[in-house]
Amino acid sequence: MITFKVDNLKNMKSELKAFAEFLRVSGVADDDIFAGKLVSCELITNVIRHGGDAAEFTGTLSGDRIIITVSSESMKGLEITPAVPDVFAESGRGLYIVKSLCTGEIERGEDGEIRVCIKRRG
């Protein structure tokens, strides 16, 4: 498991590099590492842009799944679009990407955290 906190988009890149290394050392295939970084980037960016504060990240492996959880103090009020947004929509493209790469629904925890799973292909 890896955890970190991102308080601005400038330091997100180095934190996601550490997440990618965690996945690589754990034997995850390159395509799945790319998907994990992309989903993480979209979720963290949404939290910082729409919530206005730091995003807390946890990445774990469970069997054939990469589990990504993102939370912040202000997430309880953030809504998640239930339907997959259109790729040409003015907003929601990040969630379109997330929902396209993940298995199952985007889950919300009791404290507002967002949890998604990526099924490993490699």
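## Leu-61 and the sheet around it

Leu-61 lies in strand β2, and the description that follows rests on a predicted model. With a relative accessible area of 27%, Leu-61 counts as partly exposed, because that class covers the range between buried, under 20%, and exposed, over 50%. Leaving aside residues up to four places away in sequence, Leu-61 touches Phe-22, Leu-23, Ser-26, Val-28, Ile-66 and Arg-120. One of these residues, Arg-120, stands 59 residues from Leu-61 along the chain, while the C-alpha atoms of the two are separated by 9.7 Å.

The strand that holds Leu-61 belongs to a wider arrangement, in which five strands form an open sheet in the order β1-β2-β3-β5-β4, with antiparallel pairing. At the edges of this sheet are β1 (2–6) and β4 (103–108), each of which pairs on one side only, and from one strand to the next the twist averages 15°.

Which residue in β5 is the bridge partner of Ile-66? The partner is Ile-118, and the two strands concerned, β3 (residues 65–71) and β5 (residues 114–119), run antiparallel and are joined by six bridges. Ile-66 has also appeared above, among the residues that Leu-61 touches.

Two helices lie across strands of the sheet, as the table sets out.

| Helix | Strands it lies across | Angle |
|---|---|---|
| α1 (residues 12–25) | β1, β2 (55–62) and β3 | about 170° to β1 |
| α3 (residues 93–101) | β4 and β5 | about 130° to β4 |

Helix α1 thus lies across β2, the strand in which Leu-61 is found.

Terms used
Residues numbered from 1 in each chain as written. Predicted model: local features only at pLDDT ≥ 70, side-chain atom pairs only at ≥ 80, totals over all residues. Heavy atoms only, no water. Pairing = 2+ DSSP bridges. Helix = DSSP H or I, 4+ residues; strand = E, 2+ residues; numbered from the N terminus. Axes fitted to C-alpha atoms, helices over the stretch in contact; angles between N-to-C directions. Contact = heavy atoms within 4.5 Å. Buried < 20%, exposed > 50% of the residue type's maximum accessible area, 1.4 Å probe, protein only.
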